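Subject: Structure for you to look at

Hi,

Here's the structure I said I'd pass on. Have a look at it first, and then read my notes underneath.

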Amino acid sequence: MELQLYFTVLYLAGAVNILIALVLIHNNVYYADYDVYRRSRTLVAVNYAIFAVGFFLHAHFCLRLTAPIAASALSIAYFHSGGVLFGWSHISLMRPDYMTRRVVVRDLLILAVGLVCYANVALHPQVFTLHISFLIFFAHATYIAYNFYRTYYLVGRTMEQRPADDVAWWTPEKKRTVLGHHHAFVIGCHLIIIFGLGSIAITAAFPHDIWPYTLLTAAGIAVFSYIFYALVEYGAVIDSATCATEDAANE
């Protein structure tokens, strides 16, 4: 029963991620005038697809049962890729000039080193090399999270002061601010960071058990769905958000 639930949740999570990725790509046509936001949606869609492939690989090869260290390496690989894509997509929404060639090359080099380590762990399972992989992921992911919160602090005041024309369906106000009353985007970012770092920490703590991954993957469905909702909500105030980020960049 435990294994059946585990595989069911994995396949369900993969299917949900693929569906969300397709919706993000399909609806990008409505944001032709907003290059940064379109790119962000595309990066998030790629991120979701990577996670879906990871979930399907876990389920198809029963990695958590047959090769738990390789399974942990695979988990770190797609979470690390997700962390890089998160930085590129979400920090750029607040700072459109963030994704420079230097940043892209830096992140890709660190990710490449990480992926080589993760592949080595999968092919030659050793606890020591697995611990090195954990350290690479946590160091890079922590740095990306730091950059996000630093950027939010620098531009948040400008964005909070910018009124937004759109009103969420549950709010009676005729006006709201881009980030002041528009909390979904920031909450979504909190969830990305907490879920990413927390999941890998649990992976390190329970390398051989099944139930933590069933719970994590089930929770991941809710997290991914909320991140999708938050990104769509951000698009509802994209005019005001674009003006706010441009003003912040000029300050």
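Below is what turned up, starting with the whole chain and ending with the pocket.

One thing to keep in mind as you read: this is a predicted model.

The overall picture first. The protein has nine helices and two strands. If you walk along from the N terminus, you pass six helices, then the two strands one after the other, then three more helices (α-α-α-α-α-α-β-β-α-α-α).

As for packing, 49% of the 251 residues are buried. If you take the contacts with a separation of 6 or more, 73% of them are between residues 24 or more positions apart. On the outside, the accessible surface is about 12,300 Å², and carbon and sulfur atoms account for 68% of that.

Now the pocket. The largest one has a volume of about 150 Å³. Its lining is made up of 14 residues, and the ones nearest the centre are V36, Y37, P96, T242 and T245. If you want to find it on screen, those five are a handy place to begin.

Which helices supply at least two residues each to that lining? They are α2 (35-61), α4 (68-94) and α9 (238-250). Of the elements involved, α9 gives the most, with five residues.

What is the lining like by class? Eight of its residues are nonpolar, while three are polar and three are charged.

That's it from me. Shout if anything is unclear!

Cheers

Key:
Residues numbered from 1 in each chain as written. Predicted model: local features only at pLDDT ≥ 70, side-chain atom pairs only at ≥ 80, totals over all residues. Heavy atoms only, no water. 1 Å grid on protein atoms, 1.4 Å probe; cavity = no way out; pocket = protein on both sides within 12 Å on 5 of 7 lines; lining within 4 Å. Points joined across faces, edges and corners; volume = space filled by probe spheres on them. Helix = DSSP H or I, 4+ residues; strand = E, 2+ residues; numbered from the N terminus. Nonpolar A, V, L, I, M, F, W, Y, C, P; charged D, E, K, R; others polar. Buried < 20%, exposed > 50% of the residue type's maximum accessible area, 1.4 Å probe, protein only. Contact = heavy atoms within 4.5 Å. Areas by Shrake-Rupley, 256 points an atom, 1.4 Å probe, with all protein chains shown as cover.
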